[in-house]
Amino acid sequence: MSAVPSLDAPDRRARRRRTPGSQAPGPLASRIGLWVLLACAAVLALAGLFPGLLAPGDPLAVDPAQAFQAPGWSHPFGTDESGRNVFTRVVHGAGPSLFIGVAATVLGVGLGAVLGLLTGLGRRWLDAAGSRLIDAMLAFPTLLLALLLIAVRGPGVAGVVVAVGLSSAPGYARLLRAEVRRVSRSGHVEAARMLGHSPLRIVVRHVLPGALGPLLAVATLGLGQAIVWSSALGYLGLGAPPPAPEWGAMLNAGRTYVTSAWWMTVFPGLAIVAVGVVATLLGRRLSAHLAGRSAGG
């Protein structure tokens, strides 16, 4: 009588055939990747806070004789139609772009936190009203809602910050509402209630520390999205007015010469992609760290 083969035998054979390269990265590779991410974030922060250390030149200096110079030793990123150094403009553009992204993220997180706490901790009618408001705002595409708000508020840096911040607030509010309700039903919060602690103390000492961690991790991810959205609005001419060295505005200025002077578009675009990738990877690392702490705790 022949034995019936086990159903998981192919899985065991597949696991034996796996090569070391297909396995998850070890602790050393993970630490190296984290240090590389932190180094990239430090360079971006340095460019945003002290751009003169990386590019001492004037981003608005015009030299028509040097117009449309291809990338080379004297101009690593080439020059634009007015002879301005694209490298200098990209480095100095980190400040306005990062400021818009950070300010919009702070505004969105703040508004989302208020709305999420009201719906998560409030009475049933307040939760129902806040949830319907969140659903209505989430029904609009983010950029469409931002364009609507800019049409009301007006273009400019302040308009972009308000538009992107308000557009991202509903997502943060929904996340915080779910986290507040999850933490409120946890064992240590129930124990605090049984010990007679006041509702305010329970919220401040127990609910908020457990609910704000995931929100901050998602906000790190949202920072990259906010910079991309603000650059998209700048590309549409709704952000910082020219000749400001803002990445979205630089993309808008270089689109006319994309076939003859590709560097005017490529390098600002790469800067936007770099910020988005670094913010996204750091946010995922932070989310994984918080999830590991929750599982271990």
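The legends below accompany an overall view and several close-up views of a predicted model.

**Figure 1. Overall view of the predicted protein, built from helices.** The protein contains eleven helices and zero strands. Along the sequence, the pattern accordingly reads α-α-α-α-α-α-α-α-α-α-α. The protein has 297 residues, of which 37% count as buried. Among the contacts with a separation of 6 or more, 67% join residues that lie 24 or more positions apart.

**Figure 2. Confidence of the prediction along the protein.** The mean pLDDT of the protein is 81, and 89% of its residues reach 70 or more. Among the elements, helix α3, residues 51-54, has the highest mean pLDDT, at 91. The lowest mean pLDDT, 46, belongs to helix α1, which covers residues 9-17. Over residues 1-22 the pLDDT is below 50. Beyond near neighbours in sequence, this stretch has one contact in the model. Where pLDDT is low, the predicted coordinates should not be read in detail.

**Figure 3. Close-up of the crossing of helices α4 and α5.** Helix α4 spans residues 86-121, and helix α5 spans residues 124-138. The axes of the two helices come within 7 Å and cross at roughly 140 degrees. An angle over 145 degrees would count as roughly antiparallel; α4 and α5 are therefore oblique to each other. Their crossing is left-handed. From α4, the residues L115, L118 and T119 take part in the contact. Their partners in α5 are L126, D127, G130, S131 and I134. By character, the residues of this contact comprise four nonpolar, three polar and one charged.

**Figure 4. Close-up of A173 in helix α7.** Helix α7 covers residues 157-184 and includes A173. The relative accessible area of A173 is 0%, so this residue is buried. Leaving out residues up to four places away in sequence, A173 touches G112, L115, G116 and I134. Two of these names also appear in the previous view, where L115 belongs to α4 and I134 to α5. The C-alpha atoms of A173 and L215 are separated by 9.1 Å, and the two residues are 42 residues apart along the chain.

**Figure 5. Close-up of R89 in helix α4.** R89 has a place in helix α4. Its relative accessibility is 6%, so R89 counts as buried; the cut-off for a buried residue is under 20%. When residues up to four places away in sequence are not counted, R89 touches P59, L60, D80 and R84, among others. Further along the chain, R89 also touches P243, A244, P245 and M250.

**Figure 6. Close-up of L44 in helix α2.** L44 is found in helix α2, which runs over residues 27-49. Setting aside neighbours within four places in sequence, L44 is in contact with L98, V275 and V278. L44 and A271 are 227 residues apart along the chain, while their C-alpha atoms are separated by 9.3 Å.

**Figure 7. Close-up of L251 in helix α10.** Helix α10 covers residues 247-254 and holds L251. With a relative accessible area of 16%, L251 is buried. Residues up to four places away in sequence aside, L251 touches Y235, T265, P268, G269 and I272. The C-alpha atoms of L251 and V266 are separated by 8.2 Å, with their positions 15 residues apart along the chain given as the distance apart.

**Figure 8. Close-up of F68 in the loop between α3 and α4.** F68 lies in the loop that joins α3 and α4. The residue is not a glycine, yet F68 has a positive phi of about 60 degrees. The relative accessible area of F68 is 35%, so this residue is partly exposed.

Note on methods:
Residues are numbered from 1 along each chain as its sequence is written. This is a predicted model: local features need pLDDT of at least 70, side-chain atom pairs count only at pLDDT 80 or more; totals for chains, interfaces and linings use all residues. Side-chain values use heavy atoms; hydrogens and water are left out. Axes are lines fitted to C-alpha atoms, for helices over the stretch in contact, and angles run from 0 to 180 degrees between N-to-C directions. Helices (H or I, at least four residues) and strands (E, at least two) are DSSP runs, numbered from the N terminus. Angles under 35 degrees count as roughly parallel, over 145 as roughly antiparallel, 65 to 115 as roughly perpendicular and the rest as oblique. A crossing is left-handed if the near helix is turned anticlockwise from the far one by less than a right angle, and right-handed if clockwise. Contact means heavy atoms within 4.5 Å. Ala, Val, Leu, Ile, Met, Phe, Trp, Tyr, Cys and Pro count as nonpolar, Asp, Glu, Lys and Arg as charged, and the others, Gly among them, as polar. pLDDT is the predictor's confidence in each residue, from 0 to 100. Buried means under 20% relative accessible area, exposed over 50%, partly exposed in between (1.4 Å probe, protein chains only).
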